[in-house]
Amino acid sequence: MTELKRSITLPLLTLYGLGTIIGAGIFVLIGKVAGEAGIYAPISFLVASVIAGFTAFSYAELSSRFPKSAGEAVYLEETFHLRWLSKGTGITIVVIGIISSATIANGSIGYLQIFFDLPAWVLMVILITALTILAGWGISESVTVAAVTTSIALIGLIAVVLFNTESLSTLPDRLPELIPPPETAIWSAIAFGAFLAFYAFIGFEDMINIAEEVKDPRRNMPASIIIALVITTIFYVLIALTAVLTMSVEQLSASDAPLADLISSDHTKSRLMIAAVSVIAVIDGALIQIIKSSRVLYGMSRQGMLSATFGQVHPISRTPLIATVTVAVLVLITALSLPLLTLAKITSFITLILFAVINLALWKLKLKYPRDPEAGINVPIWVPICGFLLCTLFVSLQFL
């Protein structure tokens, strides 16, 4: 039976991870976060980072203990030995990936229409078709493209900051107004903004689903997860600060291409450059979600949880082609059916529930096996406990 190709190094995996995280969350949703949290949007991103951080460390250890595709399904199978829970979780991961990819594709349309005067649905069909071809081409090629586009995205984010250094220079004078007072209404708004900003940090969990294509995954996987999250947090908070210091909350929340709008209309070429970079970054995220979801279907098939059809690997590209095409079709249908904000909220809600379960799994596993001598990282038991409690609390807040 043809196996997946193990060819991804730590630098490539880290860039892949950055590509899974950086995308629609910062290039599109930053305006929506400002709509919820107002000028305190940077605080919302920081809160979201802390919530994601505990879970990221839990994923880092689990990915090192069990370096397999369909990671979450495998983790739960190894911990609880409940087939229905493992299978249900795997399917949930695929659903999250499909909805997230649809969210990202939906968010790219505002930027794409700066360059192409075509109906949104036409651009959507062309985009998803192109991503499907790339995802089915080969994992080395796909990850290399993702690494290149991620590097371009990071350069674009740096450019946005540099174009607005004058606004950032006002930070010392405006710092008091960026510090939220101890008022329930304000912190409630920050919490709801953080719930939306949390979507911007989703992605580090996608990295584990290409574990069988990574060199030395027990060490490279946890290292890349942590590095990617730290870099992302720095960029997000910096961009959020730039945004609220440069534009009004009303302008930010109403924009379909907020980072392009951070560049003055007097700099037309620079604005178009940032728009182009934004398109590349957002599309990169959609590509990675398609790759992730297809690998989960593949991994579950190989674990006997789904039809053997999804576990078939193409002998030339050595990718799960049938799984890839299936995911892409579902992404297209979802993207054409639901608006951006709805998709992002659904993704965040389901992901928080999943993260709570994953933290619970590591908590239980560490009670029985406190350390794994072969794992590249062993976190303290309070890490998954805090991750579980924070995710559960955040989910509960949505019902208030």
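Is His 81 buried or exposed? In this predicted model, His 81 is exposed, with a relative accessible area of 55%, which lies above the 50% that an exposed residue has to exceed. His 81 sits in the loop between α5 (71-80) and α6, and its backbone has a positive phi of about 55° although the residue is not a glycine. A second residue other than glycine with a positive phi is Asp 216, where the value is near 45°. Asp 216 belongs to the loop between α11 (184-197) and α12 (217-246), and it is partly exposed, with a relative accessible area of 41%.

From the loop that holds His 81 the chain passes into helix α6, which covers residues 83-115. At 1.5 Å a residue, the 33 residues of α6 should span 48 Å, and the C-alpha atoms at its ends are indeed 48 Å apart, so the expected and computed lengths agree. Even so, the helix is not free of curvature, for α6 bends by about 35° at Ile 109. Arg 83, a residue of this helix by its number, is partly exposed, with a relative accessible area of 38%, and its side chain meets that of Glu 77 in a salt bridge with an N to O distance of 3.7 Å.

Beyond α6 comes the loop that leads to α7 (120-137), and Phe 116 has its place there. Phe 116 is partly exposed, its relative accessible area being 45%, and it takes part in a nonpolar surface patch of about 500 Å² together with Ile 114, Phe 115, Leu 118, Ile 126 and Leu 272. Helix α7 itself has 18 residues and reaches 26 Å from its first C-alpha to its last, close to the 26 Å expected at 1.5 Å a residue. Its buried residues include Leu 123, Met 124, Leu 127, Ile 128 and Leu 131, and Thr 132, Leu 134, Ala 135 and Gly 136 are buried as well.

Helix α16 (residues 321-337) can be read in a similar way. Its 17 residues reach 25 Å from the first C-alpha to the last, close to the 24 Å expected at 1.5 Å a residue. Within α16, the buried residues are Ala 323, Thr 324, Val 327, Ala 328, Val 331, Thr 334 and Ala 335. Seen down the axis of α16, these buried residues fall within an arc of 130°, and they therefore line one face of the helix.

What remains is the pattern of charged contacts. A search of the whole structure finds six salt bridges, among them one in which the side chains of Arg 65 and Glu 61 meet at 2.9 Å, N to O. Because Arg 65 and Glu 61 are four residues apart in helix α4 (residues 41-65), about one helical turn separates them, and both of these residues are buried. Glu 61 also forms a salt bridge with Lys 366, with the closest N and O atoms 3.1 Å apart. This pair links distant parts of the chain, since Glu 61 lies in helix α4 and Lys 366 in helix α17 (residues 340-368), 305 residues apart. Both Glu 61 and Lys 366 are buried, and salt bridges that share partners join Glu 61, Arg 65 and Lys 366 into one network.

Technical notes
Residues numbered from 1 in each chain as written. Predicted model: local features only at pLDDT ≥ 70, side-chain atom pairs only at ≥ 80, totals over all residues. Heavy atoms only, no water. Helix = DSSP H or I, 4+ residues; strand = E, 2+ residues; numbered from the N terminus. Expected span 1.5 Å × (residues − 1). Bend = angle between axes of the 7 residues up to and from the residue. Patch = residues over 30% accessible without salt bridge, like charges linked within 9 Å, V, L, I, M, F, W, Y side chains within 5 Å. Areas by Shrake-Rupley, 256 points an atom, 1.4 Å probe, with all protein chains shown as cover. Salt bridge = Lys/Arg side-chain N within 4 Å of Asp/Glu carboxyl O. Buried < 20%, exposed > 50% of the residue type's maximum accessible area, 1.4 Å probe, protein only. Arc of directions from axis to C-beta.
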